[in-house]
Amino acid sequence: MSLGISLVFGLLDIANIAQPAFLILGAYAAYVLNTSFGLDPILAGVLFTPVFYGLGVLVYRVYYASFERRGDEALRGLVFFFGLLFIIEVSLSLKYGVDYRLVQADYIGRSIEFGGVGIAYRLLVLCLVGWP
């Protein structure tokens with residue numbers, strides 16, 4: 001999450017403040033796949049990565065064609081992303097409400113002990129996947 005925000009604000013010089021809303025949209029997509037089909041949330045994230053990449057490319061193309069290519073001021077692009085942020089957030093709030101949602105997986109809530117120190121399976125899985 002922080003890598004995406006660093007890229008958008010730092011390197012690309014685009015004020016895409018809707019990026020966190022896309023993260024929440026992706027989380028709800030994983031939640032829906034988990035509750036509807038019992039799909040593992042990490043696998044759902046991997047499956048949705050190309051989908052959201054394509055969505056990001058599409059949003060950037062609209063932004064570029066509407067504002068940057070024409071040389072409009074950066075404030076108009078900021079308003080575009082604010083509008084996108086509000087549309088996504090309000091749509092998700094209307095659809096799912098504001099209550100907490102939880103995904104289910106076998107490794108959530110369980111842990112393994114090493115010398116009296118417990119390591120949660122959910123953290124161990126991410127550590128093993130991210131190991132170089």
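**Exercise 1. Decide whether Val59 is buried or exposed, and find what surrounds Val59.**

Step 1. Take the relative accessibility of Val59, which is 12%. The model is predicted, and this value is computed from it.

Step 2. Compare with the cut-off: buried means under 20% relative accessible area. Val59 therefore counts as buried.

Step 3. Place the residue. Val59 lies in helix 3, which covers residues 41–68.

Step 4. List the partners, leaving aside neighbours within four places in sequence. Val59 touches Phe22, Phe80, Phe81 and Leu84.

Step 5. Look at one of these partners, Phe81. In sequence, 22 residues separate Val59 and Phe81. In space, their C-alpha atoms are 9.3 Å apart.

**Exercise 2. Do the same for Asn34: is Asn34 buried or exposed, and what does Asn34 contact?**

Step 1. Find the element. Asn34 sits in helix 2, residues 19–37.

Step 2. Read the accessibility. Asn34 has 6%, so Asn34 counts as buried.

Step 3. Leave out neighbours within four places in sequence. The contacts of Asn34 are then Leu39, Asp40, Pro41, Val103 and Gln104.

**Exercise 3. Work out the order of helices and strands, and describe how the strands pair.**

Step 1. Count the elements. The protein chain has 5 helices and 2 strands.

Step 2. Read them from the N terminus: α-α-α-α-β-β-α.

Step 3. Pair the strands. Strand 1 (residues 111–114) runs antiparallel to strand 2 (residues 117–120), with 4 bridges between them. Ser111 faces Ala120 of strand 2.

Step 4. Inspect the turn. The two strands make a hairpin with 2 residues between them. Gly115, in that turn, has a positive phi of about 60 degrees.

**Exercise 4. Summarise the protein chain as a whole: burial, contacts and surface.**

Step 1. Start with burial. Of the 132 residues, 21% are buried.

Step 2. Turn to contacts between residues at least 6 apart in sequence. Of these, 52% join residues at least 24 apart.

Step 3. Finish with the surface. About 9500 Å² is exposed, and carbon and sulfur atoms supply 67% of that area.

**Exercise 5. Find where confidence is lowest and where it is highest.**

Step 1. Begin with the average. The protein chain has a mean pLDDT of 84, and 89% of the residues score at least 70.

Step 2. Compare elements. Confidence is lowest in helix 1 (residues 2–11), with a mean of 69. Helix 2 is highest, at 91.

Step 3. Draw the lesson. Where pLDDT is low, predicted coordinates should not be read in detail.

Conventions. Residues are numbered from 1 along each chain as its sequence is written. This is a predicted model: local features need pLDDT of at least 70, side-chain atom pairs count only at pLDDT 80 or more; totals for chains, interfaces and linings use all residues. Side-chain values use heavy atoms; hydrogens and water are left out. Two strands pair if DSSP finds at least two bridges between them. Buried means under 20% relative accessible area, exposed over 50%, partly exposed in between (1.4 Å probe, protein chains only). Contact means heavy atoms within 4.5 Å. Accessible areas come from the Shrake-Rupley method with a 1.4 Å probe; for residues, only the protein chains shown count as cover. pLDDT is the predictor's confidence in each residue, from 0 to 100.
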